[in-house]
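Trainee: I have a structure on my screen and would like to understand the words people use for it. Could we go through them together?

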Protein chains: 2
Amino acid sequence: MDVSEHELLAAIRRVLSGTGPGVIVGVGDDAAVVAPGSGELVLTTDALVEGSHFSRSTASARDIGYKAIVVNVSDIAAMGASPRFALCALTLSDVVDAPWVMELFGGMREACEEHALSLVGGNLARGPEVTVVVTVTGEVAPGRAVTRAGARPGDVIVVTGTLGAAAAGRRLASGRTPPSDEERAAILRHLRPTARVAEAGVLARCGATAMIDVSDGLTLDLARVCAASGVGARVRLADVPIGPAAGLGDALGGGEDYELVATVPDAAQAGAARQELDETFGVALAEIGAIVSEPGLLAVDETGAEAPLTPAGWDHFS
Amino acid sequence: MDVSEHELLAAIRRVLSGTGPGVIVGVGDDAAVVAPGSGELVLTTDALVEGSHFSRSTASARDIGYKAIVVNVSDIAAMGASPRFALCALTLSDVVDAPWVMELFGGMREACEEHALSLVGGNLARGPEVTVVVTVTGEVAPGRAVTRAGARPGDVIVVTGTLGAAAAGRRLASGRTPPSDEERAAILRHLRPTARVAEAGVLARCGATAMIDVSDGLTLDLARVCAASGVGARVRLADVPIGPAAGLGDALGGGEDYELVATVPDAAQAGAARQELDETFGVALAEIGAIVSEPGLLAVDETGAEAPLTPAGWDHFS
C-alpha cells in the first residue's frame, strides 16, 4: 500500500454514499449510530477470503466488493427480512494499491445502492491476503422472521431461479478460451450473484415455514433446514432447475447460487408464490419435492425409485 | 483443521452461551434475530489479524478471543453507548486445531459475559492466517451519542486510567526473562485490555462534548477529535498519566490502551466526573490539557513553553 491509513480512509469516505436514510453518525467515528427500525433487528456477517472465496486474477475489485455485500444481503433475505445497514472490515495485503481498494468500495457501494442499504462503518487492517468481512443489519416485522426450523412433513419444497451456474462459472472464470454466451452467463452468476430480497418477501407472505439461501449447495443447505426442523426431504431430481453451463452435480452441491430454498405448507401456496414471482420479477419458482417426517434426504428419479441423497457442498474445513 | 465446518460449528454452539436477553434467533440460522432496543442503534466492527495485531506465540487463544470482543466494546463505549450483541467472522488457518478454536470462543464468551452482551452469530472461513473480525451492536438514548465532533475551544481534555502500558506490554510479551510485577501488569494490559463502558457513561452524563477510545495512540486519536471538531489541543505533557513499564513516548503514541479521551466544557464537570470515577470504579481521571480554536496539537512543558506535537501512533499502512 502506497498510502497511509488516514489517506485511505479519507478516500474511502469520498467514495461512500455518506449519510443515508436513518444514518445519524456515519463512517468516521468510533462507531456508527443509526435510527432503530420498528421491527426486530436481524444481524449477519460473512467473509470473502482471497484464495478461498475469490482470486484477484479472475475477479475484479469491483466484483469482489459487490459480492461481499450481496452474500450478506442474501442471508438477511433468507430470514424474510429487509437489509438496512452494512459495515466492512477490510484486511489488505501489500500487493493491492489504493485504486484497487477504491474500486472494491465502488463495488460495495453499487450493491448497497441496489438494495437501498447504507455502508455506515468499517475498519482497515493489514494482512497476508485480502479479506473482506461484511456485516449487514436488517429488519423484520416482529415474529415474522422465517428460520430454518419451521419445515413440517407435507410441506412443498420450492427453489427460486436456477442452481449450479455459479459453480460452473467458478470453473469457467479461469478458462483460457473465450466463453460462449451460456458460459458468460455462468461466470456472471459466480462473480455477481443476486440476492433474492423481494422474492423472499413474497415467499414469506405466501406462508413459507422455513427458508435458507443456497450458499453452500442445495443438498447441504436443505439438509440444514431438515436438521433444524427435525424432518427429512424427498427431492425429485428431474425437477431441480439447472442453470446455464451447469450439470446436476453443480445444482445439487455447487453452492454460491444465493437462490432461496423454502418450504410452504401446500401446493396452492406454492402456486400463488410462483405466479407472483413470475409476474412481478420474472423469476421462476420450481417445486422440487416434499418434506417428510423421516430424517435424511432422499432422491427420487423419474420412475419414482428412491435412493439416499448425501448432502454435498462447500465445507471450508473438509 | 482436523474437523469439518459442520462439526466445528456444532462445537462452537455448545461453548456459546446460547440465547440471552433479547435473542430471538441465535447462532445457527442464516442470520440472528434480536429484539430492538428503545434507543438508537450503534454499530462497529474491528479485526484482529495474526502477525499484525497478535502473535500466537505470545497470546493464548483465550486472550485473542477476549481482546477481539473488548476492542469492539471499547468503540461502543466511546460513543457513550451500551453494548448488546456481537457477531464473529473467523478466518482459520491450517495450523490451529479445534481445541484452539474452542479456547478462542471461550475468551470471546468471557468478554461477552463481563459486558452482558450476547454472541448471536458468526461465520467460519479458511485462510493463510487467523483473523478474528467482530461486530458489536450497541444502544444509546436518542440524541445522546458522544461523537468526535463536539469538542469546543475551552473544553478540558481528560483521560481515564493510564496510557502506554499496552505498548510496553507488546514489547515485553516476547521477552525471554521472567517479567517483573510491573512488566507483568503491562503485558496484561496488552493481552487483556479493559473497555471503559461504565466510565464512558459517567463522562457522557458529566457533559462530555467529544469522546474517543485510545486505540491507535493518544496524540493520533486526539488529533482525530480535533480534526472532526475543527479545533486544536494543548497537551500538558507532565499531566499525561503514564502506565506501568511505559515511557512518555508509549503514552503519547503507543496505542491499544483502550482508555477514553474526552472533552468536557469546564473544570467543574471534569471534577465531578473524576470524583465519580474514583469513588465508583477506583479509576483515575487526569486533566491533560485544553481544547483551543487554532488547529493542531501543541505540547506544553512544565515551564509553560509550547512546541508542536506531531500526532503519532498506529497507522496500519504507513
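Mentor: Gladly! Let's start with contact: two residues are in contact if their C-beta atoms, placed from the backbone, lie within 7 Å. Keep in mind that this is a predicted model.

Trainee: What makes the copies meet through the same surface?

Mentor: Of the interface residues of chain B, 100% are also interface residues in chain A, so the two copies use the same surface. By the contact rule, 61 residues of chain B are in contact with 61 residues of chain A. On the side of chain B that touches chain A, strand β3 (residues 40-49) of chain B gives the largest share, nine residues. That side divides into 31 nonpolar, 19 polar and 11 charged residues.

Trainee: How do you know which relation links chain B to chain A?

Mentor: A rotation of 180 degrees, with 0.0 Å of shift along its axis, superposes chain B on chain A with an RMSD of 0.0 Å. That is the relation of a two-fold axis.

Trainee: Why is β3(A) said to pair with β2(B)?

Mentor: Pairing needs at least two bridges, and these strands have three, in the antiparallel sense; therefore they count as paired. As one example, Leu41(A) has Val34(B) as its bridge partner.

Trainee: What makes strand β7 (residues 156-160) of chain A mostly covered?

Mentor: Five of its five residues are buried. A residue earns that word if 20 or more other C-beta atoms lie within 10 Å of its own. Val156(A), Val158(A) and Thr160(A) point one way, Ile157(A) and Val159(A) the other, and all are buried.

Terms used. Residues are numbered from 1 along each chain as its sequence is written. Chains are lettered from A and ligands numbered from 1 in the order in which they are written. This is a predicted model: local features need pLDDT of at least 70, side-chain atom pairs count only at pLDDT 80 or more; totals for chains, interfaces and linings use all residues. A residue is buried if 20 or more other C-beta atoms lie within 10 Å of its own, exposed if 12 or fewer, and partly exposed in between; C-beta atoms are placed from the backbone. Helices (H or I, at least four residues) and strands (E, at least two) are DSSP runs, numbered from the N terminus. Copies are superposed by least squares on the C-alpha atoms of residues with pLDDT of at least 70 in both. Ala, Val, Leu, Ile, Met, Phe, Trp, Tyr, Cys and Pro count as nonpolar, Asp, Glu, Lys and Arg as charged, and the others, Gly among them, as polar.
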